[in-house]
Amino acid sequence: MEKLMVKTLFNLDETIAKELFSNVTYPWEVLPKISEFIIELGKSLSEEEYDRCGENVWIAKSAMVAPTAFIQGPAIIGKYAEIRHCAFIRGNAIVGESAVVGNSTELKNVILFNKVQVPHYNYVGDSILGYKSHMGAGAITSNVKSDKTLVIVKNNGKEIETGLKKFGAILADEVEVGCGSVLNPGTIIGEHTNIYPLSMVRGYIPCNCIYKKQGEIIEKQ
């Protein structure tokens, strides 16, 4: 299951949360730890570069935050990030440098690496989005199974129990998710993979591929 490991999916130099991943094997292991990590990291951030806004919310002075955006702590908004009109950040969120959180996008218990874009009507919950990953308009993560059982990651007939009731998706570096797609609980997408618009995705999708529909995945040429 090496392809599902942190070391395979991410360039950890592209997140302020690098230390959080240092003692885990699989990325979803950090999801229950995000809140505590933000609170401790926030205390160490430079007052010359970050403003503390309310309880456990740190916003880089260079970030652009619309006056209509809502940010609940714990949260860290990185340098040069853009939080647009009516963005809704519900807490336990790390927004990376130069990332974009757009109109009516909702975040909850997430890590967005640097230069991630979730710019239009996205819901991202209990998820991790790698460097330069992008979700098209209306693409969302589904983070709870309909039967409310614990999420299991599946790959080629093998299963890994996560022990998590809430777990959305993991996007590796430079993943493109098409408009209107739904990433089901426990979805893992390898780096440089493209997901067609209006897709319903589950399980592990390999790197450097194009996901056209369930059962039709081709390698990039």
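The following exercises, each with a worked solution, concern the predicted model shown above.

Residues are numbered from 1 along each chain as its sequence is written. Because the model is predicted, local features need pLDDT of at least 70 and side-chain atom pairs count only at pLDDT 80 or more, whereas totals for chains, interfaces and linings use all residues; side-chain values use heavy atoms, with hydrogens and water left out.

**Exercise 1. The chain as a whole**

Task: State how many helices and strands the chain has, and determine how its radius of gyration compares with the globule rule.

Solution:
1. The chain contains 2 helices and 25 strands. Helices (H or I, at least four residues) and strands (E, at least two) are DSSP runs, numbered from the N terminus.
2. The radius of gyration is 16 Å, close to the 17 Å that the globule rule gives for 221 residues, so the chain is as compact as a globular protein of that length. The radius is taken over C-alpha atoms, and the rule is 2.2 Å times the number of residues to the power 0.38.
3. The C-alpha trace spans about 50 × 35 × 35 Å along its principal axes.
4. Of the 221 residues, 50% count as buried. Buried means under 20% relative accessible area, exposed over 50%, and partly exposed in between (1.4 Å probe, protein chains only).
5. Among contacts between residues at least 6 apart in sequence, 29% join residues at least 24 apart; contact means heavy atoms within 4.5 Å.

**Exercise 2. Aromatic pairs around Trp-28**

Task: Classify the pairs that Trp-28 forms with Tyr-26 and with Phe-167, and locate the second pair in the chain.

Solution:
1. A pair of aromatic rings is described by the distance of the centres and the angle of the planes. Rings of Phe, Tyr and Trp (its six-membered ring) pair if their centres lie within 6.5 Å; planes under 30 degrees apart count as stacked, over 60 as edge-to-face and the rest as tilted.
2. The structure holds 6 aromatic pairs. One of them joins Tyr-26 and Trp-28, at 4.8 Å centre to centre with 5° between the planes, and is stacked.
3. Tyr-26 and Trp-28 are both buried.
4. For Trp-28 and Phe-167, the ring centres are 5.8 Å apart and the planes stand at 35°, so this pair is tilted.
5. The tilted pair links distant parts of the chain, 139 residues apart: Trp-28 is in the loop between helix 1 (6-9) and helix 2 (34-44), and Phe-167 is in the loop between strand 16 (158-161) and strand 17 (169-171).
6. Phe-167 is buried, as is Trp-28.

**Exercise 3. The surroundings of Ile-128**

Task: Establish whether Ile-128 is buried or exposed, and relate its contacts to an aromatic cluster.

Solution:
1. Ile-128 belongs to strand 12 (residues 123-129).
2. Its relative accessibility is 0%, so Ile-128 counts as buried.
3. Beyond neighbours within four places in sequence, Ile-128 is in contact with residues including Phe-10, Phe-21, Phe-113, Val-30, Leu-31 and Ile-170.
4. Phe-10, Phe-21 and Phe-113 form one aromatic cluster.

**Exercise 4. From Ser-35 to two backbone features**

Task: Identify the contacts of Ser-35 outside its sequence neighbourhood, and describe the backbone at each contact residue.

Solution:
1. Ser-35 is in helix 2 and has a relative accessible area of 24%, so it is partly exposed.
2. Leaving aside neighbours within four places in sequence, Ser-35 is in contact with Pro-74 and Asn-92.
3. Most residues other than glycine have a negative phi, and most peptide bonds are trans.
4. The peptide bond from Gly-73 to Pro-74 is cis, with omega near 0°. Pro-74 is placed in the loop between strand 4 (70-71) and strand 5 (75-77).
5. Asn-92 has a positive phi of about 55° although it is not a glycine. Asn-92 is in the loop between strand 7 (88-89) and strand 8 (93-95), and its relative accessibility of 21% makes it partly exposed.

**Exercise 5. A further positive phi**

Task: Describe the phi and the setting of His-192.

Solution:
1. Phi of His-192 is near 60°, a positive value in a residue other than glycine.
2. His-192 is in the loop between strand 20 (187-189) and strand 21 (194-195).
3. At 29% relative accessibility, His-192 is partly exposed.
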